[in-house]
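Open your viewer, switch to a cartoon view and get your selection tool ready. We will go from stop to stop, and at each one you will hear what to select.

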Amino acid sequence: METEALYEIYRQHPVITTDSRDCPVDSIFLALKGETFDGNKFAASALDKGCAYAIVDEKEYANLSDDRYILVNDCLSTFKALARYHRRQFHIPVIGITGTNGKTTTKELVSAVLSEKYNVLFTQGNFNNDVGVPKTLFRLAPEHEIAVVEMGASHPGDIKTLVETVEPEYGIITNVGKAHLQGFGSFEGVVRTKGELYDYLRKSSSSKVFIDAGNEHLMGMADGLNLIKYSTEPIDGLSVRGEVVECAPFLHFRWTDGKDWYDVQTHLIGSYNIYNMLAAATIGLYFNITPDVICNALASYEPANNRSQLTETEHNHLIVDAYNANPTSMAAALRNFRDMQVKPKMAILGDMRELGESSGEEHQKVVDFLSEAGLTNTWLVGESFAKTNTTLRKFADIDEVKSAIAESQPQGYYILIKGSNGIKLYQLPEML
């Protein structure tokens with residue numbers, strides 16, 4: 001069945017579910033596959049529960065005498081094609097966001113700023129992969145005036161596939177750094193993959209790129225693009241320039257549009273967040289939002305999902321950044337923690353996953369930095385940190401950390417908690 005014909009069915013049944021446990025009446029069940037499941041096996045059950053149609057890609061699960069079954073070559077490809085077709089029904093600005101670090105926070109900040117003036121569709125949570133992105137696009141409705149879509153990647157070609165689904169006219173790469181090296185193969189692989197957003201935008205002379213003009217990697221990738229620049233450095237041709245005032249512990253910064261300076265006290269931990277703030281201010285200005293309104297949106301934003309959060313408990317102040325970790329984000333977090341004007345300090349750091357052959361070297365760099373920075377009250381968690389050469393305290397897993405917390409009961413500290421999600425450091429705040 002052609003995409004256009006399939007979309008006509010979707011118009012009559014405008015809910016697509018990929019979960020056979022959640023089958024609204026008259027919805028369409030789409031049989032996706034994963035490493036441990038095959039949605040085709042649940043197509044009949046989905047129809048029994050009330051779905052109007054079931055899209056499958058394995059003939060053995062398609063009862064061809066029942067016209068409620070729609071057999072396609074590949075369900076995921078069909079999902080993306082349908083989402084792209086749906087996106088094309090809406091002639092509104094679409095901003096694509098990717099990057100090694102900061103893309104989710106930037107997406108949230110950009111959406112907060114734009115929402116002061118527009119009805120904005122934006123990616124919920126971290127729905128930024130080849131399933132989450134189509135789900136985001138299917139939420140587009142006539143009332144939306146602008147869309148902000150986050151795109152993540154862990155392998156070469158991921159961004160190319162997603163950007164061809166989203167078809168943005170505007171784009172921003174927050175940065176490029178060392179993450180998912182096992183999947184990308186090298187830092188150069190990260191750069192090439194993130195750069196696939198730029199490659200797509202080059203196809204249109206009317207496309208625009210919002211860019212940190214002080215980032216040499218990004219600028220080196222951006223030849224031939226229409227650039228709207230921001231930076232913390234005094235560079236010619238900037239739309240927005242900003243500078244950190246202090247982090248004690250929240251980021252306090254100021255920015256200028258070239259005419260006046262504006263002061264913003266944020267709810268974010270980390271001086272590195274100034275780049276995310278400046279990106280949001282730049283995009284807000286481009287879409288005709290006044291500086292005062294931008295400042296209010298940035299100052300009002302409060303983070304969630306264990307990203308750059310400060311939590312005050314009965315016993316400690318917790319700086320929770322336990323959603324993910326890679327060498328670039330870990331270095332930024334530790335530099336910021338070193339420079340924060342608070343004391344006493346303690347850190348609990350978990351392994352950085354998916355680094356492949358670089359894992360040993362990158363974990364050793366972390367413990368070397370800790371020594372140089374004087375952050376000696378640090379607990380290290382996981383197999384990779386266990387192999388490093390350091391006198392810092394080491395723990396095999398989260399359970400050992402919990403036991404140590406129960407025994408020592410730290411009190412009065414500012415505690416940085418950062419590691420890859422799989423280390424499960426997000427379980428610690430309730431104990432501290």
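## Around strand β17

Start by selecting L380 and K394: in β18, K394 is the bridge partner of L380. Keep in mind as you look around that this is a predicted model.

Now widen the selection to the two strands. β17 (residues 378-381) and β18 (residues 393-395) run parallel and are joined by three bridges. On which sides is β17 covered? Both faces are: T378 and L380 on one side, and W379 and V381 on the other, are all buried.

Next, add strand β16 (residues 345-350), which pairs with β17 in the parallel sense over four bridges. For a landmark in this pairing, pick L349, which stands opposite L380 in β17. Then show helix α14 (residues 359-373) as well, and you have a right-handed β-α-β unit made of β16, α14 and β17.

## On to strand β15

Select residues 317-321, which make up strand β15. Four of its five residues are buried, so the strand is largely enclosed by the rest of the structure.

Add β14 (residues 309-312), which runs antiparallel to β15 and is joined to it by four bridges. The two strands form a hairpin with four residues between them. To see one position across the pair, highlight T311, which stands opposite L318 in β15.

Which strand runs parallel to β15? Select residues 414-418: this is β19, joined to β15 by five bridges. Within β19, L416 is the bridge partner of I319.

## Two helices that cross

Two packed helices are described by the angle between their axes and the distance between the axes. Select helix α1 (residues 3-12) and helix α3 (residues 75-87), which pack at an angle of about 75° with their axes 10 Å apart. An angle of 65 to 115 degrees counts as roughly perpendicular, and α1 and α3 are therefore roughly perpendicular to each other.

Show side chains to see who meets whom: T3, E4, L6, Y7 and Y10 in α1 meet T78, A81, L82, Y85 and H86 in α3. By class, this contact has six nonpolar, three polar and one charged residues.

## Last stop: S154

Finish in the loop between β7 (146-150) and α6 (158-166), where you will find S154. Is S154 buried, partly exposed or exposed? With a relative accessible area of 22%, S154 is partly exposed; the cut-off for buried is under 20%. Now draw a C-alpha to C-alpha distance from S154 to T100: the two are 54 residues apart in sequence and 9.7 Å apart in space.

Key. Residues are numbered from 1 along each chain as its sequence is written. This is a predicted model: local features need pLDDT of at least 70, side-chain atom pairs count only at pLDDT 80 or more; totals for chains, interfaces and linings use all residues. Side-chain values use heavy atoms; hydrogens and water are left out. Buried means under 20% relative accessible area, exposed over 50%, partly exposed in between (1.4 Å probe, protein chains only). Two strands pair if DSSP finds at least two bridges between them. Axes are lines fitted to C-alpha atoms, for helices over the stretch in contact, and angles run from 0 to 180 degrees between N-to-C directions. Angles under 35 degrees count as roughly parallel, over 145 as roughly antiparallel, 65 to 115 as roughly perpendicular and the rest as oblique. Contact means heavy atoms within 4.5 Å. Ala, Val, Leu, Ile, Met, Phe, Trp, Tyr, Cys and Pro count as nonpolar, Asp, Glu, Lys and Arg as charged, and the others, Gly among them, as polar. A crossover is right-handed if, with the strands pointing away from the viewer, the path from the first strand over the helix to the second runs clockwise.
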